[in-house]
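Reader: I would like a close look at a single part of this model, the sheet together with the helices that pack around it. Please take me through it in one connected account.

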Amino acid sequence: MANRQGDLVWTELMSADPDRAMAWYGSVAGFYFAPAMDSHGGYRQFGGVSGHVGGLLPLTTEMQAGGAQPGWLPYFAADDTDRFVERHKAAGGGVTMPPWDIDGVGRVALLTDPWGGTFYVLHGPDEYESHAFSPDAMGKCCWLELGVPDADAALAFYGGLFGWTHGGEMPMPPEMQARYAFLVHGETVFGAVFSGADAHPGWRLYFTVPDADALPPLIEAGGGRVDGEVMDVPGGSRVVSAWDAEGALTGFASPTGSMDAMA
């Protein structure tokens with residue numbers, strides 16, 4: 001596929017109550033949702049004003065009995081899914097679902113890192129290029145945050161697999177005993193590893209909105225919960241973190257500067 005290995009190429013929201021999820025994200029983020037695809041278990045694509053960015057996966061009773069919970073998962077590009085999975089296992093990662101083919105999409109695998117963070121890898125058609133990630137396009141995923149207990153170990157693990165590099169750190173209050181280490185892919189600062197007592201395990205995906213300051217009342221009105229306050233971050237953006245109406249971690253940003261300025 002046209003994307004580099006390690007690029008974010010898709011996002012997925014797992015929901016036990018799709019109607020509630022669609023109402024919440026429609027109100028808070030302005031997402032629109034395409035009709036459900038019966039041939040794919042009711043899966044439906046969604047996006048904002050800049051186009052599709054991901055899909056909503058309804059969680060069946062069987063999925064939930066097996067441990068699946070509402071939450072967000074990123075898809076990262078792989079040059080060869082099967083070879084990547086073998087490298088991932090050798091590095092200490094786990095395999096939740098081994099490689100399988102999805103017609104018209106590509107070869108996919110669902111993996112876990114050594115700390116329980118879950119993500120997909122995908123090798124798509126050679127002519128396909130995803131634009132699911134953008135630092136500033138409205139409705140697109142603009143930032144990824146990985147919560148782990150050990151930032152150095154996570155940087156080494158993901159750097160060895162995807163070629164991501166450590167691009168400096170955001171200063172944290174000493175009392176937090178935390179680190180916020182930026183992730184760089186090529187020339188793009190696309191996310192960070194967050195370690196410390198307040199770090200929630202796994203991946204949190206942030207999406208661009210026009211005005212983060214306007215969101216707290218909408219987040220709460222729809223049954224979600226704001227995680228902290230709307231805050232300024234290096235690069236000139238305003239961000240707000242939240243739990244959605246089903247308890248899935250997410251976040252929103254209204255950038256007024258370049259994310260690349262953070263490195």
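Author:
**The sheet and its helices**

In this predicted model, a good place to begin is strand β13, which is mostly covered, with 7 of its 7 residues buried. On one side, β13 pairs with β9 in the antiparallel sense, over 6 bridges, and within that pairing Glu145 stands opposite Arg204 of β13. Strand β13 is also joined to β16, here by 3 bridges and with the two strands running parallel; in this pair, Tyr206 stands opposite Gly251 of β16.

These pairings belong to an open sheet of 8 strands, whose order is β10-β11-β12-β9-β13-β16-β15-β14 and whose pairing is mixed. The edges are formed by β10, residues 165-169, and β14, residues 225-233, each of which pairs on one side only. From one strand to the next, the twist averages 25 degrees.

At the β14 edge, the partner is β15, residues 237-243, which runs antiparallel to β14 and is joined to it by 6 bridges; there, Asp227 stands opposite Ser241 of β15. Helix α1, which spans residues 18-29, packs on the sheet and touches β15 as well as β16 (249-255), and the direction of α1 makes about 20 degrees with that of β16. Helix α4, residues 151-162, likewise packs on the sheet, where the strands it touches are β9 (141-148), β10, β11 (179-185), β12 (188-195) and β13 (202-208). The direction of α4 makes about 10 degrees with that of β11.

Helix α4 has a helical neighbour to consider as well. Two packed helices are described by the angle between their axes and the distance between the axes. For helix α3, residues 81-90, and α4, the axes come within 10 Å and cross at roughly 155 degrees. Angles over 145 degrees count as roughly antiparallel, and α3 and α4 are therefore roughly antiparallel to each other. Their crossing is right-handed.

The residues that make this contact are Phe84, Arg87 and His88 on the α3 side, and Phe157, Gly160, Leu161 and Phe162 on the α4 side. Sorted by class, the contact of α3 with α4 comprises 4 nonpolar, 2 polar and 1 charged residues. Helix α4 thus appears in two settings, packing on the sheet, with β13 among the strands it touches, and meeting α3 through residues that include Phe157 and Leu161.

Definitions and conventions:
Residues numbered from 1 in each chain as written. Predicted model: local features only at pLDDT ≥ 70, side-chain atom pairs only at ≥ 80, totals over all residues. Heavy atoms only, no water. Pairing = 2+ DSSP bridges. Helix = DSSP H or I, 4+ residues; strand = E, 2+ residues; numbered from the N terminus. Axes fitted to C-alpha atoms, helices over the stretch in contact; angles between N-to-C directions. Contact = heavy atoms within 4.5 Å. Parallel < 35°, antiparallel > 145°, perpendicular 65-115°, else oblique. Left-handed = near helix turned anticlockwise from the far one by under 90°. Nonpolar A, V, L, I, M, F, W, Y, C, P; charged D, E, K, R; others polar. Buried < 20%, exposed > 50% of the residue type's maximum accessible area, 1.4 Å probe, protein only.
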